[in-house]
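Student: I am new to this structure and would love a close look at one small part of it. Could you then walk me outward from there?

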Amino acid sequence: MWRVTMLDVKQRLHAHSVWIAILLTVTLTCFLFPGEKAGYRVIDINDYRGTYNSAWMGTSLALVGSYLLSIFGYYWLNGSVDRDRQSKMLELIHTTGQSPRRYLLVRWTGHVILLSLLAITSMVTAGILQCFLSPESAIMFADYAVPFFLLVLPSILLTSAFILLFDMWQKPGSTAKNWLYFLSWSVITSAGLLGFSAHTLVTSGMESDFAHLGMTGTGSISIGFTPLENAQQIVNWQGLNLSLESWLPAVYHLLTTLLLLMICLTRAKKAIPGAHNKRHDRQPTVSESSKRHGLITWLVARSHLPSQLAEHVFTHRFCAEVRLIEHTLSAKLLIVALGVSALSLVLPLSAVKSVILAVAVTLPVLMLAPLHTLDHQSKIKELLKTLGQTGIQRLRRPLAMFYLINLSLAGVTIRFAITGEITALLHWLAFLTISVFLPYLLATFTRSNKVFELLFISFWVTGILNKEPVADFVGVSGSHTAMTVTLAFAGGCIIACVFIALLNPTFSINKVKKSIAK
């Protein structure tokens with residue numbers, strides 16, 4: 001099995017995404033340890049930080065890296081089983097006699113090796129930085145290794161198990177899986193406060209150590225890229241004193257990883273077509289089929305309302321785009337959007353801004369993001385070329401999406417308009433514009449939704465959960481500056497889409513690569 005695993009890792013190393021991830025890891029590691037004149041801070045304890053020795057850099061790297069690898073590592077590596085399933089590679093593997101369990105173990109081990117490669121790259125980069133930032137301090141390998149085994153490695157093992165578990169599920173779409181993992185990641189992060197993760201142990205230990213080393217007053221640790229208002233005081237911190245009980249959270253991670261792997265291995269035969277006996281599959285009864293058919297018919301009949309309204313106002317081609325989106329759209333998500341829209345009309349305005357907006361902003365991503373790559377996946381783009389459709393005419397798709405999402409979430413717009421919240425109204429409409437045209441623009445280059453989803457999750461956490469005005473793209477902070485930036489960005493997305501459509505109706509990143517090669 002080890003030979004097959006190494007062959008899988010070598011094959012993955014040929015992909016450009018691996019080397020781009022390594023380059024981004026090196027770049028981010030350099031930003032984690034700013035100099036005195038950098039103007040920002042990453043880890044701060046009441047305006048104090050440690051000297052750039054091995055203890056401080058190793059612990060800081062583990063605190064930040066374990067979170068980043070667990071969230072971005074999933075979105076980087078997920079979908080490998082789905083790709084093998086779509087390319088019929090799973091059927092070929094089954095014909096070679098390789099067991100489904102071995103195949104899944106190879107995949108899990110490959111995920112662990114790639115994520116560990118990024119972690120080791122960041123530690124090597126931090127060691128090199130230490131030679132320049134603090135040449136008088138010696139590099140201690142143990143000070144880098146202990147936080148890695150305590151925080152980073154358990155997170156890598158658990159994340160790889162989650163990747164394997166979600167990849168085995170065939171029924172939910174990729175976007176639904178991504179959000180389901182983000183919800184699981186949020187729950188696990190919250191459980192870390194109760195002792196499931198060693199992060200709370202490490203941060204509380206650092207705070208108490210700094211209090212004994214001369215820090216004036218008590219303060220809590222702050223992790224994140226924030227502007228430096230006051231000069232940080234430097235304390236010579238020599239690391240944590242760990243006991244055997246400190247490793248209990250790592251054991252919890254390992255046990256959870258083993259549980260997820262056991263679930264994957266017990267259902268391994270269902271991951272590979274033909275590896276199980278289809279005669280044992282339960283067929284739905286006549287009554288269940290009729291009930292399901294009646295529910296689907298009811299949902300489909302209600303989901304055609306946007307196209308029926310569009311027929312009275314817009315052209316036939318625009319209505320055809322709206323009908324295409326209706327047929328592709330999930331009826332359940334449309335019902336949820338209408339429910340959120342109705343709640344925004346009856347709940348207090350404060351609840352709409354603090355709760356409803358946080359939920360409503362996720363709906364355009366869940367509903368519309370997969371539609372931007374529909375033409376590439378279904379070969380519709382080649383058909384449109386034969387019909388002579390221009391690039392401007394192809395903008396009907398995002399315009400139809402914008403019409404549909406505004407109609408589905410009209411309750412939020414109406415509430416802001418009735419109450420006279422002009423800033424909130426403009427901010428909300430600007431976000432809806434970005435949620436349509438930005439993924440359309442990124443899909444033109446990458447033919448994938450992952451870039452937009454990663455950007456959206458990053459800004460959703462910093463802007464909505466943390467209410468940081470700089471990253472607020474929907475209006476939860478009520479900042480006029482954030483509204484102006486969002487409006488400007490929305491306008492830039494529209495101008496970029498129109499410019500690309502006018503430049504070349506068949507514009508894509510592949511043509512850019514070919515022109516550069518020539």
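Student: Let us start with Glu421: what does this residue count as, judged by its relative accessibility?

Tutor: Glu421 counts as partly exposed, because its relative accessibility is 24%, and the cut-offs put buried under 20% and exposed over 50%. Please keep in mind that this is a predicted model.

Now look at the partner of Glu421. The residue forms a salt bridge with Lys353, and the closest N and O atoms of the pair are 3.2 Å apart. Glu421 sits in the loop between H20 and helix H21 (422-446), while Lys353 belongs to helix H15 (residues 349-360), so the bridge ties together parts that are 68 residues apart in sequence. Lys353 has a relative accessibility of 25%, so this residue counts as partly exposed too. The count of salt bridges comes to 1, so you have already met it.

Step back along the chain from the loop. H20 is followed by Gly420, which has a positive phi near 75°. Within helix H20 (residues 410-418) itself, the buried residues include Gly411, Val412 and Thr413, and Arg415 and Phe416 are buried as well. As background, an α-helix has 3.6 residues a turn, so residues three or four places apart point the same way.

Let us move on to another place, the meeting of two helices. Two packed helices are described by the angle between their axes and the distance between the axes. For helix H3 (residues 54-77) and helix H7 (residues 141-168), the axes come within 8 Å and cross at roughly 5°. That angle makes H3 roughly parallel to H7, because angles under 35 degrees are counted that way. The residues of this contact divide into 16 nonpolar, 8 polar and 2 charged. One residue to find in H3 is Leu68, which is partly exposed because its relative accessible area is 28%. Leu68 and Ser155 are 87 residues apart along the chain, with their C-alpha atoms separated by 9.9 Å.

H3 also takes part in a cavity. The whole structure has 3 cavities of 30 Å³ or more, and the second largest has a volume of about 60 Å³. Its lining includes Leu32, Phe33 and Pro34, along with Trp56, Ser60 and Gln232. Strand S1 (40-45) and H3 are the elements that give two or more residues to this lining, and S1 gives the most, with 3 residues. By class, the lining has 7 nonpolar, 2 polar and 2 charged residues.

Ser60, one of those lining residues, leads us to a further helix. Thr203 and Ser60 are 143 residues apart in sequence, yet their C-alpha atoms are 9.8 Å apart in space. You will find Thr203 in helix H9 (residues 199-212), where this residue is buried because its relative accessible area is 15%.

A last stop takes us towards the start of the chain. Asp8 lies in helix H1 (residues 2-13) and is buried, with a relative accessible area of 10%. The C-alpha atoms of Asp8 and Thr109 are separated by 9.6 Å, although the two residues are 101 residues apart along the chain.

Technical notes. Residues are numbered from 1 along each chain as its sequence is written. This is a predicted model: local features need pLDDT of at least 70, side-chain atom pairs count only at pLDDT 80 or more; totals for chains, interfaces and linings use all residues. Side-chain values use heavy atoms; hydrogens and water are left out. Axes are lines fitted to C-alpha atoms, for helices over the stretch in contact, and angles run from 0 to 180 degrees between N-to-C directions. Helices (H or I, at least four residues) and strands (E, at least two) are DSSP runs, numbered from the N terminus. Angles under 35 degrees count as roughly parallel, over 145 as roughly antiparallel, 65 to 115 as roughly perpendicular and the rest as oblique. Ala, Val, Leu, Ile, Met, Phe, Trp, Tyr, Cys and Pro count as nonpolar, Asp, Glu, Lys and Arg as charged, and the others, Gly among them, as polar. On a 1 Å grid over the protein atoms alone, a cavity is a set of points where a 1.4 Å probe fits but cannot get out, and a pocket is an open set with protein on both sides within 12 Å along at least five of seven lines; lining residues have an atom within 4 Å of a point. Grid points are joined across faces, edges and corners, and a volume is the space filled by probe spheres set on the points. Buried means under 20% relative accessible area, exposed over 50%, partly exposed in between (1.4 Å probe, protein chains only). A salt bridge is a side-chain nitrogen of Lys or Arg within 4 Å of a carboxyl oxygen of Asp or Glu.
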